[in-house]
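Visitor: I would like to learn how to read a protein model. Please take the features in turn.

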Amino acid sequence: MEDIKKQSVWTVKALKSDGIEMDYSIGSLIEIDRFIQKHTKDGQPIKGGRLAKGYGGKIFSIGSYI
């Protein structure tokens with residue numbers, strides 16, 4: 001459980017650095033969806049995008065937030 005909380009906090013900070021404010025609302029889920037769509041194509045990270053490195057860990061962190 002500690003890892004989930006830690007990674008949820010990491011997600012909030014990481015997305016904030018991209019100008020995305022996370023507040024645990026439905027709107028936040030929409031922003032996560034937009035972020036994933038922007039940085040993936042056909043379910044795979046886009047080369048050079050924010051999800052290109054450490055994809056599995058980042059998806060775990062986003063899932064922890066959700």
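Guide: We start with how the model is to be read, then go through helices, packing, single residues and backbone angles.

Guide: This is a predicted model, where local features need pLDDT of at least 70 and side-chain atom pairs count only at pLDDT 80 or more, while totals for chains, interfaces and linings use all residues. Residues are numbered from 1 along each chain as its sequence is written, and side-chain values use heavy atoms, with hydrogens and water left out.

Visitor: How many residues does helix α1 have, and how far does it reach?

Guide: Helices (H or I, at least four residues) and strands (E, at least two) are DSSP runs, numbered from the N terminus. The expected span of a helix is 1.5 Å times one less than its number of residues. Helix α1, residues 2-16, has 15 residues, and from its first C-alpha to its last it reaches 21 Å, close to the expected 21 Å. For the 14 residues of α2 the expected span is 20 Å, and the end C-alpha atoms are 20 Å apart, which agrees.

Visitor: Which residues of α1 are buried?

Guide: Buried means under 20% relative accessible area, exposed over 50%, and partly exposed in between, with a 1.4 Å probe and protein chains only. In α1 the buried residues are S8, T11, A14 and L15. They lie on the same side of α1, because they cover an arc of only 130° around the axis. The arc is that of the directions from the helix axis to the C-beta atoms. The face of α1 turned away from the buried side carries the exposed residues E2, K5, K6, K13 and K16.

Visitor: Why can residues that are not adjacent in sequence point the same way?

Guide: An α-helix has 3.6 residues a turn, so residues three or four places apart point the same way. In α2, the buried residues are S28, I32, F35 and H39. Their arc is only 60° around the axis, which puts them on the same side of α2. Exposed residues I26, R34 and Q37 are on the face of α2 turned away from its buried side. In α3, S61, I62, S64 and Y65 are buried. These cover an arc of only 155° around the axis, so they are on the same side of α3.

Visitor: What do the buried residues of α1 pack against?

Guide: Contact means heavy atoms within 4.5 Å. The buried residues of α1 pack against α2 (26-39) and α3 (55-65). Those of α2 pack against α1, β1 (40-41), β2 and α3, and those of α3 against α1 and α2.

Visitor: How is a pair of packed helices described?

Guide: Two packed helices are described by the angle between their axes and the distance between the axes. Axes are lines fitted to C-alpha atoms, for helices over the stretch in contact, and angles run from 0 to 180 degrees between N-to-C directions. For α1 and α3 the angle is about 100° and the axes are 7 Å apart. That makes α1 roughly perpendicular to α3, a label for angles of 65 to 115 degrees; under 35 counts as roughly parallel, over 145 as roughly antiparallel, and the rest as oblique.

Visitor: Which residues of α1 and α3 meet?

Guide: D3, I4, Q7, S8, W10, T11 and V12 in α1 meet K58, F60, S61, I62, S64 and Y65 in α3. The residues of this contact divide into 6 nonpolar, 5 polar and 2 charged. Ala, Val, Leu, Ile, Met, Phe, Trp, Tyr, Cys and Pro count as nonpolar, Asp, Glu, Lys and Arg as charged, and the others, Gly among them, as polar.

Visitor: Is S64 buried or exposed?

Guide: S64 counts as buried, at 13% relative accessibility. Leaving aside neighbours within four places in sequence, S64 is in contact with I4, Q7 and S8.

Visitor: How many residues apart in sequence are K58 and W10?

Guide: K58 and W10 are 48 residues apart in sequence and 9.3 Å apart in space, C-alpha to C-alpha. Not counting residues up to four places away in sequence, K58 touches W10, R50, L51 and K53.

Visitor: What is the usual sign of phi?

Guide: Most residues other than glycine have a negative phi. Y24 has a positive phi of about 65° although it is not a glycine. Y24 is in the loop between α1 and α2, and it is exposed, with a relative accessible area of 52%. D42 also has a positive phi, near 55°. The place of D42 is the loop between β1 and β2, and at 74% relative accessibility D42 counts as exposed.
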